[in-house]
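Visitor: I've never read a protein structure before. Could you walk me through one, feature by feature?

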Amino acid sequence: MPAIAVLGAQWGDESKGKVSHLLAAEADWCVRFNGGTNAGHTVVLKGQEFKFHLLPTGSLREGCKAVLGNGMVIDPFALVEELELLRRAGWEPEVYISGAAHLLLPYHRLVEQLSGAKEGIGTTGRGIGPAYRDKAERTGLRVGDLLSPEAFRERLARNLEREKRAWPESAELQRLEPGHLADEVLRIMEPLAERIVDTALLLNRALDQGETVIFEGAQGALLDLDFGTYPYVTSSNTTIGGIGTGAGVSPRRVERVIGVVKAYTTRVGEGPFPTEERGPIGERLRERGKEWGATTGRPRRCGWLDLVALKYVQMVNGFTELALMKLDVLSGLPELRVAVAYHCDGRLIEDFPSHPEVLQRCEPVYETVPGWTEEIKSCHGLGEFPGAARAYIRLIEEQLGVPISIISLGPGAEATIIRERSGCGRR
Ligand code: IMO
Ligand code: MG
């Protein structure tokens, strides 16, 4: 299976990192193709927790090379820090960075705060929007520009001056000195200069040679800039098309498209969320599921599984299989609800309206199914599951028309059931 996509199917935080890291055990390459440090991908390896923001989780696999694709916005300070943290833990991943990836610099973060996007959209405050704004505006600085230091210095100065003129009231922004910032970025990225390459070429050649490549998506489909609940979205394409534009590999080459689905739904930041539970159910999911942001520590909004949204996401992505995460969190709830349609403006609808004002007016129509009281964390196969848990899995598969091939029951690799075609096993 040469190319495998691991994509978030909800509003992010679906545990893509765990799935990607599992698969990377047998992969040659692991690739990030969108976003930047807004992502927070957690891996628990031999009891130790690692949090990734920029590097793909395959960086934590012997023999798996890491790629930061052209679709990313890369904060060089965060990258160097992340590499240093891994080094201290005894890991020295082989990392390649696309010269066409954009640089996210400290002024992007400041500008995001000043613009009010942090509050209005509830962004992660990492400067993602302003960095992609520069890209779309064609004024952005790219990683490859570091290889021409003089031109890099000049363009950085021009961009920073422009921001200073736009925000004269920001003392923090005014204090940034372009020459110093350029020197710092050039200095810290110097050791990586040889690794700034055409990663599209690298990955396509690897695939030509039959090597295995994992594409680790960041965020989730409902945060996609085009298909998500705009404007309450991130600034990149988190869906399958993002691999084409963000890594230079045709989606046609991707044989397995794995949609990562949490067994319930969460969302951080602002924006409509029809199945949100603000009362005790939401609290319970947050407590049991430890639903606090890996990047910002914010409490996540929690609610029931939404099959209306998932069907739409399935349509956009064409998943070949699903990974169902955190199923163990649902244990102990007497009954479970899943949204199968919405009531909106007096009508019953089954097609997900991504327009936030319409979605805001939607009331979910629930199917209520039995829950189970047993802890399932240490189950080794579906045969050990209570009947209600098996029925919940079947319901999702039937409604979406896609098989669930991975079931996760906890953060560690041991709490995973991999359903092979030949039966069920545990990793
Ligand atoms: P991973 O990869 C969950 C959300 C923010 C906000 C919106 C825009 O860990 O799943 P941004 O900073 O991207 O401009 O914020 O998107 N968001 C995420 N939510 N998981 C993420 O990443 C997210 N990255 C961004 O909360 O609502
Ligand atoms: Mg996250």
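Visitor: Let's start small. Where is the place of Ser15?

Guide: Keep in mind that this is a predicted model. Ser15 sits in the loop between β1 and α1.

Visitor: And what is phi of Ser15 near?

Guide: General idea to begin with: most residues other than glycine have a negative phi. Here, phi of Ser15 is near 80°, a positive value in a residue other than glycine. Asp13 also has a positive phi, near 60°, and isn't a glycine either. Asp13 lies in the loop between β1 (3-8) and α1.

Visitor: How do I tell whether residues like these are buried or exposed?

Guide: You look at relative accessible area: under 20% is buried, over 50% is exposed, and in between is partly exposed. Asp13 has 23% relative accessibility, so it counts as partly exposed. Ser15, at 25%, is counted as partly exposed because of that value.

Visitor: Is Glu14 buried or exposed?

Guide: Glu14 lies in the loop between β1 and α1. Its relative accessibility is 0%, so Glu14 counts as buried. For a contrast, try Glu190, in the loop between α8 (178-189) and β9 (196-197). Glu190 has a relative accessible area of 54%, which means it is exposed.

Visitor: What does the side chain of Glu14 reach at 2.8 Å?

Guide: To spot a polar contact, look for a pair of N or O atoms within 3.5 Å. The Glu14 side chain reaches the backbone nitrogen of Gln10 at 2.8 Å. It also makes a polar contact with the side chain of Lys16, at 2.7 Å.

Visitor: Now the ligand. Which residues come nearest to ligand 1?

Guide: There are 21 residues around ligand 1, and the nearest are Asp13, Lys16, His41, Thr124 and Thr234. You've already met Asp13 in the loop between β1 and α1. Sorted by type, the shell around ligand 1 has eight nonpolar, ten polar and three charged residues.

Visitor: Which atoms should I zoom in on there?

Guide: Try the oxygen atoms of the ligand. One oxygen atom of ligand 1 is 2.6 Å from an N or O atom in the side chain of Thr234. An oxygen atom of ligand 1 is also 2.8 Å from an N or O atom in the Asn38 side chain. With Gly40 it's a backbone N or O atom that lies 2.9 Å from an oxygen atom of ligand 1. As for cover, ligand 1 on its own has 550 Å² of accessible area, and the protein covers 98% of that.

Visitor: How do I read a pocket? How much space lies in the largest pocket?

Guide: Ask about its space, then about its walls. The largest pocket holds about 720 Å³ of space. It is lined by 29 residues, and closest to its centre are Thr42, Gly289, Lys290, Lys326 and Pro411. β3 gives the most to this lining, with four residues. Among the other elements that supply at least two residues are α1 (16-24) and α11 (280-289). By type, the lining divides into 13 charged, nine polar and seven nonpolar residues.

Visitor: One last feature: which residues does a cis peptide bond join?

Guide: The general picture is that most peptide bonds are trans. In this model, a cis peptide bond joins Tyr230 and Pro231, with omega at about 5°. You'll find Pro231 in the loop between β10 (213-220) and α10 (241-247).

Conventions. Residues are numbered from 1 along each chain as its sequence is written. Chains are lettered from A and ligands numbered from 1 in the order in which they are written. This is a predicted model: local features need pLDDT of at least 70, side-chain atom pairs count only at pLDDT 80 or more; totals for chains, interfaces and linings use all residues. Side-chain values use heavy atoms; hydrogens and water are left out. On a 1 Å grid over the protein atoms alone, a cavity is a set of points where a 1.4 Å probe fits but cannot get out, and a pocket is an open set with protein on both sides within 12 Å along at least five of seven lines; lining residues have an atom within 4 Å of a point. Grid points are joined across faces, edges and corners, and a volume is the space filled by probe spheres set on the points. Ala, Val, Leu, Ile, Met, Phe, Trp, Tyr, Cys and Pro count as nonpolar, Asp, Glu, Lys and Arg as charged, and the others, Gly among them, as polar. Buried means under 20% relative accessible area, exposed over 50%, partly exposed in between (1.4 Å probe, protein chains only). A residue is near a molecule or strand if one of its heavy atoms lies within 4 Å of it. A polar contact is a pair of N or O atoms within 3.5 Å; within protein, one must be able to donate a hydrogen and the other to accept it, and residues adjacent in sequence count only if both atoms are side-chain atoms. Accessible areas come from the Shrake-Rupley method with a 1.4 Å probe; for residues, only the protein chains shown count as cover.
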